[in-house]
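Open the model in your viewer and keep the sequence panel beside it. We will go from stop to stop, selecting a few residues each time and looking at what surrounds them.

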Amino acid sequence: MNDRFRNIGQHWVQGLVAVVMRSALYFPEEGREREGEVEGRDAEQLLDDDTEPEDHRRLLGAHHGSRRPPPPEFLLGAGGDRSSSSSSSSSAPSLLRPSFSLHSNSLHHRHHHRPSSSSLPAADGLPCGLPSPDLLSPSVDPFLRPVDPVSSLSLYFRRLHRADEVEVEVEVDEGRRRRRRRGGIYATSTWSSGRCCGTWATPSSSAAPSARPAPTPPTPTAASSSPPGSASSAARTTSTRTTTRSGTRPTCGSSSARARARPSPASAPPSPPSPSPQRPPLRRLRRGQRDRIDFSRNGVSPRALRAARRFARSSGDGDGYGEAARLPRDLPRDLLLELLAFANKFCCEALKSACDAALAASVLAPDDALLLIDPALEESSSLLVAACLQSFLRDLPRSLHDPEIARLLCGAEGRELLAAAGHASFALYHFLSHVAVEEDATSNAAVMLLERLAESAAAPWQRQLALHQLGCVMLARGEFKDAQRWFEDAAAAGHVYSLAGVARAKFKRGHKYSAYKLMNSIIDDHDPAGWMYQERSLYCIGKEKMADLRTATDLDPTLVYPYMYRAVSLLEDDKIGAAIAEINKILAFRVSTECLELRAWFYLALEDYEGALQDIRALMTLDPDYMMFHGKIHGDHLIELLRQHVQQWDLADCWMQLYDRWSAVDDIGSLAVVHQMLAKEPGNSSLRFRQSLLLLRLNCQKAAMRSLRLARNHSTHEYERLVYEGWILYDTGHREEALIKAEESIAIQRSFEAFFLKAYVLADTSLETTTALYVIQLLEQANSCASDNLRKGQAHNNMGSIYVDCDMLDEAAECYLKALGIKHTRAHQGLARVYYLKNQKKSAYDEMTKLIEKAKNNASAYEKRSEYCDRDMAKSDLNMATRLDPTRTYPYRYRAAVLMDDHKEEEAIAELSRVIAFKLDLQLLHLRAAFYDSMGDSAATLRDCEAALCLDPAHADTLDLYNKAREKSEPQS
């Protein structure tokens, strides 16, 4: 019983850790792509996926119908940055958000002080001067980065496959054992039925002979034939475990009743062995010499004894283990604690479990957990410890600042106590250390938790991760000697990327040439990767440095540092226009606070205060605590200074600006306008919701979830709160619960957002035509409710998408035209699709050209226009799409397919390998596996299939290809 509740407690804490890590409170902001999330809640965004051009797409969430399990933790972060344009791809999320800072330290730290007021003179230059290349330094990513991520994924898949096979074998063996028991192999038994509050007691040595003769059927007696729920049965199951120093026998029931009901040894029926083999069975005690037992010297109050006696009598009403027994709900906490100590001392497992559950239910706040955690650990109450941990986790990160909680969670002694209760897991300390590093990477709590993480590591990758993160934290603290030691330990454990940390620590200690030689050896010994050349560029100058940065960008265009260094270098050469153009390249597909800060700095140098203010507002939306200019000025303070130099807008002007920028697909500009509107109306939940939509378009999930939670918290009406809770549930994968929230909101009051949420969830769940038509009705009802044209344009666009799915092209065209009538620019894409399906290819091409001309972010428009032109023009459009956004995977697949058709197999493989090196994508891996299969390379086919199946184990095409490749390779092996 105790093991059962210990397992319940373990699953409780581990489940909570998993849920909180999935939630956007600690989602990585960049570097990952969540399945099931469609940017902007808009159906045309689903057209931006990476499916083949001629595929018949199911819109409004069709490609997001299934959630894929996360990739293995030891590969998290291996794929670099992720774009949200591919609905069928899955990427490896980083465990800790990779950061880059203009500060002198290698990691960006949040500072919460506000500087003194200053001004921005136009003639005297910037208050903090111009950015310098010498102050730019990329961070050492605090996650594992395999040198060959595809092979690592393949190896992980094989380990899982072997583990599943072993588990199946164990289940088969267990089933055979159960069948043997049912067949009578273990039918003979001489076990006694004595129990103490549901605990089995073993027979004496004389009653357990070595041989097992078939027993003679016992003669029924009044005691032995009583039903299980009778009073005599309850009395018969009462037993004890220990004897006091005075020679008396403690028991949970009346000794006289137990003596009257105890059957004789000859007539006692055989009982099965204990179902809990981990708990040592109790020895049957001989009949006492007293009728009454003295508990006055055991430190147990009469009130506790009476409660224990009542519980012992009621425990016989269950199945023999006390499940039917219940403690009264009005028992005070001190009495429950006394009963818990009593039950633990005298091995009353059912009573202990009941007290454990009652006390766990009483933990409602961190203060309750603080009062109960010590007795819970002392009595090894697994469920109560889990409840206390749950309370501490819910209060993160504030709970880490409490000395008592920090001593338990961060200290070595606290880990030992949690381990004794079964809760000192690697997952727990990984989550806690992640929160501590996010809060302050230089804190003592972060270091201590990472040390506990290293102590909890079992698998090799766990040790590598803990040691590597310790090196990152020491590097941020400026303790370079310790950082080098931790990085060297991680590298010795098998993590090659930690050698970059070793080189960085050596460089900080003044050993620049040694760091350069170390990076040279890494490049010579392994296949080249972008991070290798980026790191080596730190230790050289001039043309060699710029050559390394160009190579790093070619190998991995998602690396931020090369763009920033080149931009600042151009600024030093008085080429500020070119500097802004360089930083715009990375901002076109990856929005980060550091790049926005740098571009705002450039705008200030040009005295373009409106452009600078826009970028700073967008930056503060991503990180409200960001400190600019080497940590000297808080972003909000700089906004107040810049407002004096720009035209002031009232709320009506803001709405007009938002309308224009939303229609122009200017997401950063729209985000800045919403930030300005929230400064005037901080409690406007509708604006918070729109802010979350824009952040999703920019692939900033963590900030989007924060805005969505603020929208829920600022809701003034119940029906609004239910809608935002529904979106939170949907974004975390709980579609059915989200649908229930939408229906509850509609029951309270009909609103646009409630109908839109319900329609969106249903369209993402079912492919049936009847469901699609019902979704159209819901969207029509949504448009009949009060809302602005921005949202109604999205509803019309989604209706057109569903009509296309139902092959109702005229109705779809009408919906798209309505959306365009209210300046919903993205409807050009859907209308182009309708023209193409009507065999009007020229009209489709012209429609996409209009979208390219209107949209500021138009990489996806170039990609979609390639579907409606000949091969040469398509190739030109796809090349442009790759230049604008190198993370979009469809252009690579198209070019590889063309090369394969031209019998240029090696070039086709190279084209796919080029993007796989920095973006692990399901479709890319599947296509390369198919190419390898056509070339007869079974080993490479299996490797890519296994890596793809790690991203999506249920992908049917990859499974078929994998099984076929296994059949080919088995005869050879």
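Start with the whole chain in cartoon view: the protein chain has 43 helices and 6 strands. Keep in mind throughout that this is a predicted model. Colour by accessibility if your viewer allows it, and you will find that buried residues make up 57% of the 973 residues. Among contacts with a separation of 6 or more, 65% are between residues 24 or more positions apart.

**Stop 1: the largest nonpolar core**

Select Leu327, Leu339, Leu351 and Trp727. These four touch the most other members of the largest nonpolar core, which holds 205 residues. Helix α31 supplies the largest share of this core, with 10 residues. A second, separate core has 32 residues, including Leu899, Leu920, Leu927 and Ala948. As background, nonpolar side chains tend to be buried together in soluble globular proteins.

Now zoom in on Leu327. Which residues is it in contact with, leaving aside neighbours within four places in sequence? Show Phe311, Leu336, Leu339, Leu351, Ala354 and Cys355, and you have them.

**Stop 2: a cysteine among those contacts**

Stay with Cys355. Its relative accessible area is 0%, so Cys355 counts as buried. How many disulfides does a search of the whole structure find? The search finds 0. For Cys355, the nearest cysteine sulfur belongs to Cys348 and is 9.7 Å away. For another cysteine, jump to Cys806: its relative accessibility is 19%, and because buried means under 20%, Cys806 counts as buried too.

**Stop 3: aromatic rings around helix α31**

Next, select residues 752–765, which make up helix α31. Show the side chains of Phe752 and Phe756, which sit 4 residues apart in this helix, about one turn. Both of these phenylalanines are buried. The structure has 16 aromatic pairs by the rule used here. One of them is Phe752 with Phe756, a stacked pair with 5.7 Å centre to centre and 20 degrees between the planes.

Widen the selection to Phe689, Tyr724, Trp727, Tyr730 and Tyr760. Together with Phe752 and Phe756, these residues form one aromatic cluster. Trp727 should look familiar from the first stop, as one of the residues that touch the most other members of the largest core.

Before leaving, add Arg791 to the view. Arg791 lies over the face of Phe756, 4.7 Å from the ring centre. For another charge over a ring, go to Lys545 and Tyr565: the charged end of Lys545 sits over the tyrosine ring, 4.8 Å from its centre.

**Stop 4: Met519 and its surroundings**

Select residues 512–525, helix α17, and pick out Met519 within it. Is Met519 buried or exposed? With a relative accessible area of 0%, Met519 is buried. Beyond residues up to four places away in sequence, Met519 touches Ala500, Ala503, Trp531, Met532, Glu535, Arg536 and Tyr539. Try a distance label between the C-alpha atoms of Met519 and Glu535: these residues are 16 apart along the chain, and the separation is 7.3 Å.

**Stop 5: backbone details in the loops**

Switch to a backbone view for this stop. Most residues other than glycine have a negative phi, and most peptide bonds are trans. With that in mind, go to Leu396 and Pro397, which are joined by a cis peptide bond with omega about 0 degrees. Pro397 is in the loop between α9 (382–394) and α10 (403–410).

Then step back to Ser380, in the loop between α8 (366–378) and α9. Ser380 is not a glycine, yet its phi is positive, at about 55 degrees. Its relative accessibility is 26%, so Ser380 counts as partly exposed.

Lys823 also has a positive phi, near 65 degrees. Find Lys823 in the loop between α34 (809–821) and α35 (827–837). This lysine is partly exposed, with a relative accessible area of 44%.

**Last stop: an annotated region**

Finally, select residues 838–865, which UniProt lists as "coiled-coil region" in an unreviewed entry. In the model, this span is 75% helix and 0% strand. Its end C-alpha atoms lie 16 Å apart.

Technical notes. Residues are numbered from 1 along each chain as its sequence is written. This is a predicted model: local features need pLDDT of at least 70, side-chain atom pairs count only at pLDDT 80 or more; totals for chains, interfaces and linings use all residues. Side-chain values use heavy atoms; hydrogens and water are left out. UniProt positions are given in the numbering used here, feature names are shortened, and annotations may be inferred rather than shown by experiment. Helices (H or I, at least four residues) and strands (E, at least two) are DSSP runs, numbered from the N terminus. Rings of Phe, Tyr and Trp (its six-membered ring) pair if their centres lie within 6.5 Å; planes under 30 degrees apart count as stacked, over 60 as edge-to-face and the rest as tilted. Buried means under 20% relative accessible area, exposed over 50%, partly exposed in between (1.4 Å probe, protein chains only). A charge sits over a ring if NZ of Lys or CZ of Arg is within 6 Å of the ring centre and within 35 degrees of the ring normal. A nonpolar core is a set of buried Ala, Val, Leu, Ile, Met, Phe, Trp, Tyr and Cys residues joined through side-chain atoms within 4.5 Å. Contact means heavy atoms within 4.5 Å. A disulfide is a pair of cysteine sulfur atoms within 2.5 Å.
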